[in-house]
Amino acid sequence: MKKIQFLSIAILSSFVIACGGKKEEEKKDEGFQVERANSDDKKEEAANTNTVALAGNDSMLFDKNELRVEAGKPVTLTLRHTGVMQKISMGHNFVLLKQGTNVAEFAGAAASARDTDYIPADSDAVIAHTKMLGGGESDTITFDAPAPGTYDYICSFPGHYAVMRGTLVVE
Ligand code: CO
């Protein structure tokens with residue numbers, strides 16, 4: 001009998017302790033869950049979008065010759081011209097070309113398309129492109145990642161594509 005009494009007291013007191021402690025825990029949990037939900041949202045957003053940063057400079061170079069993105073997700077790409085030279089002499093853009101495009105031919109057509117920012121109006125080879133930028137400018141575009149594979153990208157300013165080009169890998 002004594003044993004049972006002791007046991008019930010022990011259970012009762014641990015219940016009280018548990019209850020007292022639980023409130024604190026719940027409060028902490030709530031705060032934690034809210035925090036976690038927020039960071040989950042951000043993570044989810046980041047996980048559902050490919051974020052790509054590319055830069056061009058006054059030496060007529062991109063800072064990356066290969067970009068990698070995941071298929072089935074939109075791509076948000078920001079091109080920054082990190083130089084100071086004007087668009088008219090050192091313009092940079094990002095032009096993503098469909099597979100099978102003859103890059104030299106496309107660049108030739110682009111070079112004479114000054115009125116349309118060096119994007120040939122009658123071409124169906126372009127998947128996505130930014131504006132033509134001068135020093136200090138940037139442009140952000142969003143497009144759906146094309147099917148898995150590799151795609152050429154260039155700057156279509158006259159004479160730039162020979163060195164300002166790279167590969168977008170969709171995987
Ligand atoms: Co350029």
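# Chatting through a predicted chain with a cobalt ion

Q: Hi! What pattern does the chain follow, read along the sequence?
A: Hello! Going along the sequence, the pattern is α-β-β-β-α-β-α-β-β-β-β. That comes to three helices and eight strands. Keep in mind that this is a predicted model.

Q: OK, so what's the mean pLDDT of the chain?
A: The mean is 84, and 73% of the residues reach 70 or more. Over residues 6-28, though, the pLDDT is below 50. That stretch also has zero contacts in the model beyond near neighbours in sequence.

Q: Cool. Which residues coordinate the cobalt ion?
A: There are Gly-91 through its O, His-92 through ND1, Cys-155 through SG and His-160 through ND1. The distances run from 2.1 to 2.4 Å.

Q: How are those donor residues spaced in sequence?
A: The spacing is G-H-x62-C-x4-H. Take Gly-91 and His-160: they are 69 residues apart and link distant parts of the chain. Gly-91 belongs to the loop between helix H2 (87-90) and strand E4 (95-97), while His-160 is in the loop between strand E7 (149-154) and strand E8 (165-170).

Q: What do the angles at the cobalt site look like?
A: Among the four donor atoms they span 79 to 131°, and the site is irregular. To count as tetrahedral, all angles would have to lie between 85 and 135 degrees, so the 79° end of the range rules that out.

Q: And are Gly-91 and His-160 buried or exposed?
A: Gly-91 is buried, at a relative accessible area of 0%. His-160 counts as buried too, at 3%.

Q: Let's look at Asn-93. Where does it lie?
A: Asn-93 is in the loop between H2 and E4. With 0% relative accessibility, Asn-93 counts as buried.

Q: What does Asn-93 touch?
A: Leaving out residues up to four places away in sequence, its contacts include Phe-62, Leu-79, Asp-117, Ile-154, Cys-155 and Ser-156. Cys-155 is one of the cobalt donors we just met. As for Ser-156, its backbone nitrogen lies 2.8 Å from a polar atom of the Asn-93 side chain.

Q: You mentioned Asp-117. What's its phi?
A: Asp-117 has a positive phi of about 60°, although it is not a glycine. Tyr-118 also has a positive value, near 65°, and Tyr-118 is not a glycine either.

Q: Where is Asp-117, and is it buried or exposed?
A: Neither of those two words quite fits: Asp-117 is partly exposed, with a relative accessible area of 28%. You'll find Asp-117 in the loop between helix H3 (103-111) and strand E5 (126-129). Tyr-118 is in the loop between H3 and E5, but Tyr-118 counts as buried at 11%. The cut-off for buried is under 20%, which is why 28% for Asp-117 misses it.

Q: New topic! Which residues touch the most other members in the largest nonpolar core?
A: Leu-67, Leu-77, Phe-94, Phe-143, Tyr-153 and Leu-168 do, in a core of 24 residues. Strand E1 (50-56), E2, E3, strand E6 (138-144), E7 and E8 each give two or more residues to this core. E3 gives the most, with three.

Q: What does Leu-168 touch?
A: Among its contacts are Leu-67, Val-69, Leu-96, Pro-146 and Tyr-153, not counting residues up to four places away in sequence. There is also a second, separate core of 10 residues, which includes Val-95, Leu-97, Val-103 and Ala-125.

Q: You said E3. What does Thr-76 in that strand touch?
A: Beyond residues up to four places away in sequence, Thr-76 touches Thr-49, Asn-50, Thr-51, Val-52, Thr-140, Ile-141 and Thr-142. Thr-76 is partly exposed, at 21%.

Q: Last one: how about Lys-73, is it buried or exposed?
A: Lys-73 counts as buried, at 17% relative accessibility. It lies in the loop between strand E2 (66-69) and strand E3 (74-81). The side chains of Lys-73 and Glu-70 are joined by a polar contact of 3.0 Å. Leaving aside neighbours within four places in sequence, Lys-73 is also in contact with residues including Ala-47, Asn-50 and Asp-144.

Definitions and conventions
Residues are numbered from 1 along each chain as its sequence is written. This is a predicted model: local features need pLDDT of at least 70, side-chain atom pairs count only at pLDDT 80 or more; totals for chains, interfaces and linings use all residues. Side-chain values use heavy atoms; hydrogens and water are left out. Donors are N, O and S atoms within 2.8 Å of the metal (3.2 Å for Na, K and Ca); water is not among the atoms, so sites may look incomplete. Four donors count as tetrahedral if all angles lie between 85 and 135 degrees; four count as square planar and six as octahedral if opposite donors are over 155 degrees apart and all others between 65 and 115; anything else is irregular. Helices (H or I, at least four residues) and strands (E, at least two) are DSSP runs, numbered from the N terminus. Buried means under 20% relative accessible area, exposed over 50%, partly exposed in between (1.4 Å probe, protein chains only). A polar contact is a pair of N or O atoms within 3.5 Å; within protein, one must be able to donate a hydrogen and the other to accept it, and residues adjacent in sequence count only if both atoms are side-chain atoms. Contact means heavy atoms within 4.5 Å. A nonpolar core is a set of buried Ala, Val, Leu, Ile, Met, Phe, Trp, Tyr and Cys residues joined through side-chain atoms within 4.5 Å. pLDDT is the predictor's confidence in each residue, from 0 to 100.
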